[in-house]
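Notes from an afternoon with one model open on the screen. I wanted to see how the strands sit together and what a few side chains are doing.

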Amino acid sequence: MSTHRNFDRICVAVILCAMILTVLFMNGEKLDGDWNVERTTVISLQGSSAKISGQGAYAADGDVYITGAGYYLITGTLDNGSIIVNAYKTSDVFIMLDGVSIYCEDDAAIQVDQADNVYLTLKEGDRKSVV
């Protein structure tokens, strides 16, 4: 048979199929700050603790841990602690900082231990600091 004669056509067909599947299964999320609040976990930093409304995060020993894929809106001040992302290795984590001030004396203010992608954005007009 002459498979090698059709090799170019087969390659084009495979590439087209891959492109179509990519478009069909793309997440399609925007990173412009217009998040759906219903799906967002809200983390309100309060000095040495945090109030968390939603799933995928918890606070312990002055730190905030994000353990699941999803959207997280963080507000407030953390006096001496870190935001630690430790999600499953295929997780996409979207974090928006809104007027956040984080200070950590002995480690990074925001650290990513494990996740596939972490998208960190500032809410429009935010001028606070992460130290």
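Started with Leu73, and found that its bridge partner in strand 7 is Met96. This is a predicted model, so I keep that in mind throughout. Then I pulled up the two strands around that bridge: strand 5 (residues 70-78) and strand 7 (residues 92-102) run parallel and are joined by nine bridges. I looked up another of the partners too, and Thr77 goes with Ser101 in strand 7.

Next I went to the other neighbour of strand 7. Strand 9 (residues 117-122) runs parallel to strand 7, with six bridges joining them. Here I noted Ile95, whose bridge partner in strand 9 is Leu120.

Which order do the strands take in the sheet? I read it off as 2-1-5-7-9, an open sheet of five strands with mixed pairing. Strand 2 (49-53) and strand 9 are the edge strands, each pairing on one side only. On average, neighbouring strands here are turned by 20 degrees against each other, ignoring direction. Reminder to self: strands of a sheet pair through backbone hydrogen bonds, either parallel or antiparallel.

**Thr41**

Thr41 is in strand 1 (residues 40-47). Is Thr41 buried or exposed? Its relative accessible area is 5%, and the cut-off for buried is under 20%, so I put Thr41 down as buried. I checked the gap to Leu73 as well: the C-alpha atoms are 6.2 Å apart, although the two residues are 32 residues apart along the chain. Skipping residues up to four places away in sequence, I listed what Thr41 touches: Ile52, Ser53, Gly54, Gln55, Tyr71, Tyr72 and Leu73.

**Aromatic rings**

I counted three aromatic pairs. In one of them, the ring centres of Tyr71 and Phe94 are 4.5 Å apart and the planes are at 10 degrees, so I logged the pair as stacked. Tyr71 lies in strand 5 and Phe94 in strand 7, so this pair ties together parts that are 23 residues apart in sequence. Both Tyr71 and Phe94 are buried. Phe94 also pairs with Tyr119: the centres are 4.7 Å apart and the planes at 15 degrees, so that pair is stacked as well. It links distant parts of the chain, with Phe94 in strand 7 and Tyr119 in strand 9, 25 residues apart. I wrote down one aromatic cluster made of Tyr71, Phe94 and Tyr119.

How accessible is each end of that second pair? Phe94 comes out at 8% relative accessible area, which means it is buried. Tyr119 is at 29%, so it counts as partly exposed.

**Asp63**

Then I moved to Asp63, in strand 4 (residues 63-66). With a relative accessible area of 17%, and buried meaning under 20%, Asp63 is buried. What does its side chain reach? I found the backbone nitrogen of Ser82 at 2.8 Å. Leaving aside neighbours within four places in sequence, Asp63 is in contact with Tyr58, Gly81, Ser82 and Ile84.

**Whole chain**

Last, I zoomed out. The protein has one helix and nine strands, and from the N terminus the helix comes ahead of the strands. Of the 131 residues, 28% are buried. I get an accessible surface of about 8800 Å², with 53% of it belonging to carbon and sulfur atoms. Among contacts with a separation of 6 or more, 55% are between residues 24 or more positions apart.

Definitions and conventions:
Residues are numbered from 1 along each chain as its sequence is written. This is a predicted model: local features need pLDDT of at least 70, side-chain atom pairs count only at pLDDT 80 or more; totals for chains, interfaces and linings use all residues. Side-chain values use heavy atoms; hydrogens and water are left out. Helices (H or I, at least four residues) and strands (E, at least two) are DSSP runs, numbered from the N terminus. Buried means under 20% relative accessible area, exposed over 50%, partly exposed in between (1.4 Å probe, protein chains only). Contact means heavy atoms within 4.5 Å. Accessible areas come from the Shrake-Rupley method with a 1.4 Å probe; for residues, only the protein chains shown count as cover. A polar contact is a pair of N or O atoms within 3.5 Å; within protein, one must be able to donate a hydrogen and the other to accept it, and residues adjacent in sequence count only if both atoms are side-chain atoms. Two strands pair if DSSP finds at least two bridges between them. Axes are lines fitted to C-alpha atoms, for helices over the stretch in contact, and angles run from 0 to 180 degrees between N-to-C directions. Rings of Phe, Tyr and Trp (its six-membered ring) pair if their centres lie within 6.5 Å; planes under 30 degrees apart count as stacked, over 60 as edge-to-face and the rest as tilted.
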